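Got your viewer open and a selection box ready? Here's a short walk, one stop after another, with what to pick and what you'll find there.

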Amino acid sequence: MMNEAVSLSYARVLAEGIKEMVFVVKVNEDYSFAYEFLNNAAINKTSLSSDSIGKTFNEIYSTKMAEFLNEKYGEVLSERQSTSYEDAFYSKANRLFYSKTQLTPLLDDAEKCTHIVGVVQDITEEKIARLENEGIRQRLEESRARYRPLFDSNMAAIFTLDSKGSITGGNAAGQKLSGFLMRELAGKNFIDSLVIEDREQASEHFQSALAGEFTDRRMQLVSKSGAVLTCLVKFIPINSNEKNIGFYMIINDMTELDRVASLYQEGAENFRIIAENVHDVIILMDHNKKYLYISPSSENIYGFKAEHIVEQEAFYNVHPEDVAIIEKAFDQSAKNAAPYLVQLRLLHKERGWIWSEITGTPVFGEDKKFNHMVMVARDISLQKEYESQLKHFAYFDSLTDLPNRRYFQEYAKMHLEQTNKNEKSLAVLILDIDDFKEINDQWGHEIGDAVIQEFGHRLNDCMSGENIAARLGGDEFVILLADTENKEQVAEIADMIYQVMKKPIEVQGLSLNVSISMGIALAPAEQVSVSVMMKRADLAMYKAKQQEKNSFQVSPT
């Protein structure tokens with residue numbers, strides 16, 4: 001009796017307790033396949049029923065579908081190994097599902113395959129998220145296309161390297177600087193293009209970049225003609241799915257700048273002739289940080305005449321928050337006899353504060369004392385704008401423009417750590433739209449997306465201070481209340497959200513009423529992670545949905 005009870009409990013678990021669809025298929029003597037067991041999930045989500053038990057694929061499905069299944073199960077039978085594949089099917093309600101199927105052979109004592117177990121996992125949400133990501137990827141490609149000229153027309157030489165330092169591409173300036181065509185450089189390690197004395201240092205510099213340390217180094221490059229060029233080299237990581245896949249190697253030819261500094265020592269007039277013909281802004285500043293010279297290009301790039309800048313106090317056109325950065329770099333460069341590179345905001349006469357890059361090279365007199373600094377400033381606002389757009393894509397939802405899951409978790413983690421230190425309190429609220437599927441099924445995904453957008457906007461309007469709302473995916477949203485005093489205050493905000501959502505959502509001539517279910521998790525006395533709080537809020541939301549829709553539940557701490 002006990003064995004029968006155990007078998008019965010196992011059968012019930014398979015039938016009722018597993019949300020994935022489970023199919024047990026018998027291998028007949030003629031190597032055809034017939035259903036021997038279907039769990040409730042398989043019956044509820046597919047066109048199969050209890051009448052399908054004992055029938056073969058050929059008896060149930062169309063010729064095309066039967067051929068497909070016979071082929072997949074036949075592979076498992078012949079190989080006696082598990083396999084998996086992705087597919088799509090329509091449910092009884094005519095809804096499209098995406099699935100991932102794992103087929104596993106069951107062998108008897110004689111190693112004969114008697115049955116094959118199919119476990120089908122619903123990956124619809126994952127598939128939709130993947131398709132959404134492809135949409136984001138397309139927008140990123142469009143952004144790359146818009147900013148491709150920034151790479152191709154950049155005056156600095158730029159090469160792309162793989163994670164081993166081999167050259168995979170480069171811009172026109174890179175070809176011009178090296179004298180080699182890209183097809184001549186492709187596949188070669190960048191170290192081979194340097195003078196022998198610099199190769200060991202360059203290898204160390206590259207290893208530091210792989211370890212996440214990014215500094216600028218002077219290196220000597222040998223061009224195709226045999227000329228030795230003194231360059232300033234820096235590496236910028238290329239990331240894909242948060243994994244480093246290579247680097248941009250940006251090379252600034254310092255030969256001319258070094259010659260300019262040398263010419264200034266020999267004669268200011270010769271320096272001025274050269275400086276007036278460069279496209280960046282060249283600045284000379286003495287050891288007391290007094291302007292000695294500004295190239296005329298300052299008017300074209302920043303809107304101010306050189307004569308106007310020379311008369312001003314040192315770094316007057318540097319953003320107040322960035323002055324300490326340039327002063328520290330200047331002083332350390334003069335003290336250590338080393339060049340520097342900083343990015344900061346400079347004042348433009350018409351455009352206001354714009355991001356700029358400044359390189360500085362100290363010049364010493366015959367007495368070995370610091371004499372003056374040669375600085376080169378360039379406008380990098382386009383590059384910063386591009387970087388900002390990439391960051392926005394990574395942290396914000398494309399449909400609602402609300403923060404996404406990644407942003408929320410980082411933001412919430414920061415506030416949770418502060419809460420633990422300051423003994424403040426916070427709360428996590430997870431909510432979704434009741435029966436949102438019916439809106440999509442009845443009116444289509446375009447209307448559904450418009451409802452999600454308006455829902456997100458209303459939710460965001462309820463936020464104040466450091467509280468934020470984010471979209472987790474589909475119709476599910478999450479809120480962080482960053483500084484709550486008590487449960488009553490949390491309940492007031494929850495009630496405000498319910499009141500805001502009572503107003504019908506007007507979409508393309510339709511007036512749709514929506515209700516929401518919400519789960520609330522308050523930060524407990526013991527320290528917990530953001531994930532734990534989100535899980536507690538999620539469970540509370542489903543409890544609210546089961547008891548009474550358009551309500552909320554507070555998770556016990």
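## Stop 1: a pair of helices, H17 and H18

This is a predicted model. Start by selecting helix H17, residues 445–461, and helix H18, residues 487–502: their axes come within 10 Å and cross at roughly 140°. Since anything over 145 degrees would count as roughly antiparallel, that angle makes H17 oblique to H18. The crossing of H17 past H18 is right-handed.

Now show side chains. On the H17 side, pick Phe 455, Arg 458 and Leu 459; on the H18 side, pick Ile 497, Val 500 and Met 501, and you have the residues that make the contact. How many of the residues in the contact of H17 with H18 are nonpolar, polar and charged? Colour by class and you get five nonpolar, no polar and one charged.

## Stop 2: step back to H16

Keep H17 on screen and add helix H16, residues 436–443. H16 packs against H17 at an angle of about 140°, and the axes are 7 Å apart. That angle makes H16 oblique to H17.

For the contact, select Phe 436, Ile 439, Asn 440 and Trp 443 in H16. Their partners in H17 are His 445, Ile 447, Gly 448, Val 451 and Ile 452. Sorted by class, the contact of H16 with H17 has six nonpolar residues, three polar ones and no charged ones.

If you're wondering about the numbers quoted at these two stops, a packed helix pair is described by the angle between the axes and the distance between them.

## Stop 3: cysteines

Next, select Cys 462. Its relative accessible area is 10%, so Cys 462 is buried. Then jump to Cys 231, which counts as buried because its relative accessibility is 1%. How many disulfides does a search of the whole structure find? Zero. For the record, a disulfide is a covalent bond between the sulfur atoms of two cysteines.

## Stop 4: the end of the chain

Head for Ser 551, in the loop between helix H19 (530–547) and strand S22 (552–554). Is Ser 551 buried or exposed? At 15% relative accessibility, Ser 551 counts as buried. Leaving aside residues up to four places away in sequence, Ser 551 touches Tyr 498, Ile 516, Ser 517, Met 518 and Ala 544. You already have H18 from the opening stop, residues 487–502, so keep that helix visible while you look at the Tyr 498 contact.

Carry on to Pro 556, in the segment after S22. Pro 556 has 68% relative accessibility and therefore counts as exposed. Try a C-alpha to C-alpha distance from Pro 556 to Leu 522: 8.2 Å, for two residues 34 apart in sequence.

## Stop 5: two positive phi values

Most residues other than glycine have a negative phi. With that in mind, select Tyr 31, where phi is near 65°, a positive value in a residue that isn't glycine. Tyr 31 is in the loop between strand S1 (21–27) and strand S2 (33–38), and at 59% relative accessibility Tyr 31 counts as exposed.

Then go to Asp 401, not a glycine either, with a positive phi of about 65°. Which two elements does the loop holding Asp 401 connect? Helix H14 (381–395) and helix H15 (405–422). Asp 401 is partly exposed, with a relative accessible area of 46%.

## Stop 6: a strand and a helix

Select strand S4, residues 96–107, and centre on Thr 101. Thr 101 is buried, with a relative accessible area of 6%. Show what Thr 101 touches, again skipping residues up to four places away in sequence: Thr 83, Ser 84, Tyr 85, Val 119 and Val 120.

Finish with Lys 176 in helix H6, residues 172–178. Lys 176 has 74% relative accessibility, so it counts as exposed. Draw a line from its C-alpha to that of Ala 157, 19 residues away along the chain, and the label should read 8.1 Å.

## Zoom out

With the whole chain back in view, you're looking at 19 helices and 22 strands. Colour by burial and 42% of the 557 residues count as buried. Turning to contacts between residues at least 6 apart in sequence, 51% join residues at least 24 apart.

Notes
Residues are numbered from 1 along each chain as its sequence is written. This is a predicted model: local features need pLDDT of at least 70, side-chain atom pairs count only at pLDDT 80 or more; totals for chains, interfaces and linings use all residues. Side-chain values use heavy atoms; hydrogens and water are left out. Axes are lines fitted to C-alpha atoms, for helices over the stretch in contact, and angles run from 0 to 180 degrees between N-to-C directions. Helices (H or I, at least four residues) and strands (E, at least two) are DSSP runs, numbered from the N terminus. Angles under 35 degrees count as roughly parallel, over 145 as roughly antiparallel, 65 to 115 as roughly perpendicular and the rest as oblique. A crossing is left-handed if the near helix is turned anticlockwise from the far one by less than a right angle, and right-handed if clockwise. Contact means heavy atoms within 4.5 Å. Ala, Val, Leu, Ile, Met, Phe, Trp, Tyr, Cys and Pro count as nonpolar, Asp, Glu, Lys and Arg as charged, and the others, Gly among them, as polar. Buried means under 20% relative accessible area, exposed over 50%, partly exposed in between (1.4 Å probe, protein chains only). A disulfide is a pair of cysteine sulfur atoms within 2.5 Å.
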